Amino acid sequence: MTILLWEKEAPHAKGETAEDRPHLIPYIVNENENHAAVVICPGGGYVRRADHEGEPIAKWLNSLGISAFILHYRVAPYKHPVPLIDAQRAISLVRYRADEWNIDKNRIGILGFSAGGHLASTAATLYDFHNGRSKDKIDKESSRPNIAILCYPVISFSRFIHEGSMNNLIGDHAEQTLREYLSSENNISESTPPVFMWHTADDASVPVGNALVFADALSEKKIPFELHIFQSGRHGLGLAMDEPDVASWTMTCETWLRKQGF
């Protein structure tokens with residue numbers, strides 16, 4: 001089952017294939033009472049979406065009594081602002097249909113891995129960005145997530161840069177002003193939601209500095225956050241089932257989610 005973000009043509013669509021039609025894959029918990037939900041943004045350098053950062057994560061969230069929605073956001077050749085528009089629309093859509101799915105509108109989060117972590121961080125800090133949104137009844141719902149979970153995220157396009165993600169999203173020769181604008185550490189405000197982050201210290205693909213610089217900016221603005229740095233582990237671990245030490249991130253995150261009322 002898939003849920004199209006737009007019933008008709010999506011904004012900025014280049015064609016009519018599945019890659020041109022962003023959608024959600026729902027994993028809805030059968031609850032009679034209102035419960036929380038999380039939109040999942042798999043990683044993939046803004047050129048693909050990694051399967052192991054989708055369904056396994058949704059099933060883990062379901063085990064906690066949280067409904068999950070895997071976001072099939074558009075990737076290269078699509079560039080900014082398209083992925084952000086897709087993420088905003090996903091949050092607004094879940095909020096719009098919250099009553100139908102017994103979801104609490106005030107407990108909708110976003111979770112992302114790697115480049116999907118960058119997307120989740122921009123959705124959490126630039127939720128008032130409206131360029132290219134359709135302004136229909138769904139978009140009248142807020143696109144601000146109530147929490148954000150960032151797993152080995154790309155954050156900055158000015159420090160600790162992951163060139164592949166940056167180039168796929170904004171091009172090889174993007175102006176510095178755009179790079180700074182899409183560096184999420186620069187966009188934290190008093191209304192940024194609480195954040196949970198984890199990374200590995202020796203990540204060879206996305207430097208751990210991304211998580212550290214974001215944590216520093218959150219601290220400066222006094223936004224509640226939790227950050228866990230594991231000593232070792234390759235990039236792209238997902239649930240990290242083959243790395244027992246790192247795999248504990250799910251238990252730690254579960255505790256944090258309970259603190260947030262999720």
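**Helix crossing.** I looked first at how α2 passes α3, and in this predicted model I noted a right-handed crossing. The contact is made by Pro83, Leu84, Ala87 and Ile91 on the α2 side, and by Leu119, Thr122 and Ala123 on the α3 side. Sorting these residues by class, I found six nonpolar, one polar and no charged residues in the contact of α2 with α3.

**Packing geometry.** I reminded myself that two packed helices are described by the angle between their axes and the distance between the axes. For helix α2, which covers residues 82-96, and helix α3, which covers residues 115-125, I wrote down an angle of about 65 degrees, with the axes 9 Å apart.

**Largest pocket.** I then turned to the largest pocket, for which I recorded a volume of about 220 Å³. I noted that 14 residues line this pocket, and that Glu7, Arg89, Leu93, Lys137 and Ile138 are the ones that lie nearest its centre. Helix α2 came up again here, since the largest share of the lining, three residues, comes from α2, while β1 (3-4) and α2 each supply at least two residues. By class, I entered seven nonpolar, no polar and seven charged residues for the lining of the largest pocket.

**Second largest pocket.** I asked myself which strand gives the most to the lining of the second largest pocket. I found that strand β4, residues 67-72, does so with three residues. The space in this pocket is about 160 Å³, and among the residues that line the pocket I listed Ile25, Pro42, Arg49, Asp51, Glu55 and His72. My class entry for the lining of the second largest pocket reads five nonpolar, two polar and three charged residues.

Terms used: Residues numbered from 1 in each chain as written. Predicted model: local features only at pLDDT ≥ 70, side-chain atom pairs only at ≥ 80, totals over all residues. Heavy atoms only, no water. Axes fitted to C-alpha atoms, helices over the stretch in contact; angles between N-to-C directions. Helix = DSSP H or I, 4+ residues; strand = E, 2+ residues; numbered from the N terminus. Left-handed = near helix turned anticlockwise from the far one by under 90°. Contact = heavy atoms within 4.5 Å. Nonpolar A, V, L, I, M, F, W, Y, C, P; charged D, E, K, R; others polar. 1 Å grid on protein atoms, 1.4 Å probe; cavity = no way out; pocket = protein on both sides within 12 Å on 5 of 7 lines; lining within 4 Å. Points joined across faces, edges and corners; volume = space filled by probe spheres on them.
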